[in-house]
Amino acid sequence: MGEIMNEVPYRAHPHCFGLRIKEKYGIEEDCFYMDFWPLSDPLLYILDPQVAQQVTVENSQPKFEGLKYIMHGIAGPGDMVSSDGPYWKKWRSIMNPGFAAGHLMSLVPGIIDDCLVFCDNLRKRAEKNEVFRMEDDATRLTVDIIGKVALDLKLNAQTGKNELVEAFREQVQLLPNDQQGDPFSQWKPYGIWRRWVNSRKMVDYIGKVLDERFARSGEASATEKGARKQRKRAIIDLALDAYQAQQMGLEERAVQHKAPVMDAEFRRQAIVQIRTFIFAGHDTTSSTIAYAFYELHRNPVTLERIRKEHDKILGPVSQTTKRLRDDPHLINKLEYTNAVVKETLRLWPAASSARTGAPGFMIREPKTGMMLPTEGYVAWVVPYGIHRHSKIWGETVASFIPDRFMPENESSLPENAWRPFEKGPRNCIGQELAMIEARVILALTCRSFEFTPAFDAVEELKNDGSAYAGDDRWRKGVMDLDGEEAWPVLVSNLHTVPSEVQELMFLLDWNGKASRRNALSCQSKVYVDSDLTGALTSGDHVKSLSTSAFVATVVRDRRRERKESLSKRLQLDICRPPTCILGNP
Ligand code: HEM
């Protein structure tokens, strides 16, 4: 690993290393063991779609234990992402209706509102000719969207400071990261205290909303309740409905129990799930959006084609918002836009899946037919490697070709090879929502802005107060990953202590309780390189900021602006959109 680490840029994400390791050490198989003892549990690195199917679909293995620890810090114990068995099943079925196709369509107008704020902010920045971090803007946008989906609340993360959002964002930043070179960072008293404070703030904020809803629903008449059920399927309402159904069950069994306050354990679990959704649904999507802008810049023909599709389906820019509000289903007609998002997710998948090996569970290696034991290993399905494997995708593997995902070509896609949301029962519950969000955002931005990374302009952001700005290591040493200046990076990591060492571990968990853990720590994030910045200009002219910069054109009204001179320029930093890697070692 040391050799590999010397070849890659600072905090490059290990999910990018699979193909490099294979090539460097002449590994034929697409499924191989890696032993990190005593640093972490040994891994079974999976780069083969057929093997991935065995682990997540044919025999959906339990989640990797270490994932629990990180999720506890973000959401509290009992989250839907890291739990298994009947408990997970209960919560998945409670939440499923919130992601039904019809309901998601009803969310489109709200998503449009949030996107308009995003566009407004871009314009303001353009007017000030400002360089800024896209990571922050895109993440605030997705937080606003998820706030509506989860809490049916306007969090206003894009326009001001919100206690929940700020606590949440700091919490994510406080996740431990081995690659920062400080193995003790997670035990520093200040960090422990901040995590505790943030955790309390999140619980208090969501708890208050939940209690208010609970009180209101208690006062509502049966008709009102019925109407609410029809109208709302925000995560918080689904949790309340499930609770009320449970209470009704008790009443039907003649239990004289009308709870004046919600059962404490149910309340705790509901808060945990809401926190989980905010976490799982925000930076995965924002990283996808930032990478889509990046790819559209690098592929002008694609950009032109996506714009044409928007012209055709959504009409002139000035009418797009109204048309989409009137008929949200138009978003489903954007086939090429959808293909662009899918191709972005192929090259830049934000997440992966880490599962626990089991004594009787053997993997069949497709080429050799060998049976590989999984006991004692973390079976890590790595879409980043599967999606970039030339044996699977052929000679065009490295090219950005959305056409692969056009309906007429989908039957020729390699089988089970596209898995950014993973497959099987533990696939991403929010995948349709994420795809809708991304399409709406592209529909409202592609014809109005062009984004240009300006790798050299990042110095201007040195004092922007972000967690990365002041760290010079981003700008030293190797500055590309396989030629990519926008490399995914590890923000914090998930690794278990080998079982031999586990008994020695005694950690203070992030809810402030002393507890013994199987896992040491953990959360994986992907960021795009800190030096990826963008520029935005008004007018159709393209002006390069530097050799590595790319420039975007604001095309709010292309006909009008063609006549205008190139006057204002906005630089957009699309650097480091954080992307959660759920279950990444
Ligand atoms: C582009 C955006 C997204 C990507 C790439 C993505 C990817 C994934 C992946 C790979 C998993 C499986 C993780 C594992 O096996 O450990 C997952 C699970 C999950 N995702 Fe997403 N996700 C995205 C957006 C969302 C959104 C918008 C939400 C919520 C609104 C969400 C909520 C969840 C939840 C709750 C799970 C756990 C599901 C379960 O175990 O039943 N995700 N996601």
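The protein chain comprises 20 helices and 17 strands in what is a predicted model. Of its 585 residues, 49% count as buried. Among contacts in the chain between residues at least 6 apart in sequence, 80% join residues at least 24 apart.

The ligand is surrounded by a shell of 27 residues, of which Gly281, Thr284, Ser353, Cys428 and Gly430 come nearest. Three helices, α7 (134-151), α12 (264-298) and α18 (431-445), each contribute at least two residues to this shell. The largest share, seven residues, is supplied by α12. Classified by residue type, the shell around the ligand holds 15 nonpolar, eight polar and four charged residues.

The packing of these helices was then examined. Two packed helices are described by the angle between their axes and the distance between the axes. For α7 and α12, the axes come within 8 Å and cross at roughly 140°. The arrangement of α7 relative to α12 is therefore oblique, and the crossing of the two helices is right-handed. On the α7 side, the contact is formed by Met134, Glu135, Ala138, Thr139, Leu141, Thr142, Val143, Ile146, Val149, Ala150 and Leu151. The α12 side of this contact consists of Ile274, Phe277, Ile278, Gly281, His282, Asp283, Thr285, Ser286, Ile289 and Ala290. By class, 13 nonpolar, six polar and two charged residues make up the contact of α7 with α12. Gly281, which takes part in this contact, is also one of the residues that come nearest to the ligand.

Helix α12 also packs against α18. Their axes come within 10 Å and cross at roughly 40°, and the two helices are therefore oblique to each other. The crossing of α12 with α18 is right-handed. Here α12 contributes Thr284, Thr285, Thr288, Ile289 and Ala292, whereas α18 contributes Ala434, Glu437, Ala438, Ile441 and Leu442. The contact of α12 with α18 contains six nonpolar, three polar and one charged residues. Thr284 of α12 belongs to this contact and is likewise among the residues that come nearest to the ligand. Thr285 and Ile289 of α12 meet α18, and both residues also take part in the contact with α7.

A further partner of α7 is helix α6 (residues 101-128), with axes that come within 10 Å and cross at roughly 155°. As angles over 145 degrees count as roughly antiparallel, α6 and α7 are therefore roughly antiparallel to each other. Their crossing is right-handed. From α6, the residues Leu107, Gly110, Ile111, Asp114, Cys115, Phe118 and Asn121 meet Asp137, Leu141, Asp144, Ile145, Lys148 and Val149 of α7. These residues divide into seven nonpolar, two polar and four charged. Leu141 and Val149 of α7 meet α6, and both also appear in the contact of α7 with α12.

Attention was finally given to Thr320, a residue of helix α14 (residues 317-326). Thr320 counts as buried because 20 C-beta neighbours lie inside 10 Å, and the cut-off for a buried residue is 20 or more. Leaving aside residues up to four places away in sequence, Thr320 touches Leu314, Gly315, Ala443 and Leu444. His310 lies 10 residues from Thr320 along the chain, and the C-alpha atoms of the two residues are separated by 8.6 Å.

Notes:
Residues numbered from 1 in each chain as written. Predicted model: local features only at pLDDT ≥ 70, side-chain atom pairs only at ≥ 80, totals over all residues. Near = placed C-beta within 6 Å. Helix = DSSP H or I, 4+ residues; strand = E, 2+ residues; numbered from the N terminus. Nonpolar A, V, L, I, M, F, W, Y, C, P; charged D, E, K, R; others polar. Buried ≥ 20, exposed ≤ 12 C-beta atoms within 10 Å, placed from the backbone. Contact = placed C-beta atoms within 7 Å. Axes fitted to C-alpha atoms, helices over the stretch in contact; angles between N-to-C directions. Parallel < 35°, antiparallel > 145°, perpendicular 65-115°, else oblique. Left-handed = near helix turned anticlockwise from the far one by under 90°.
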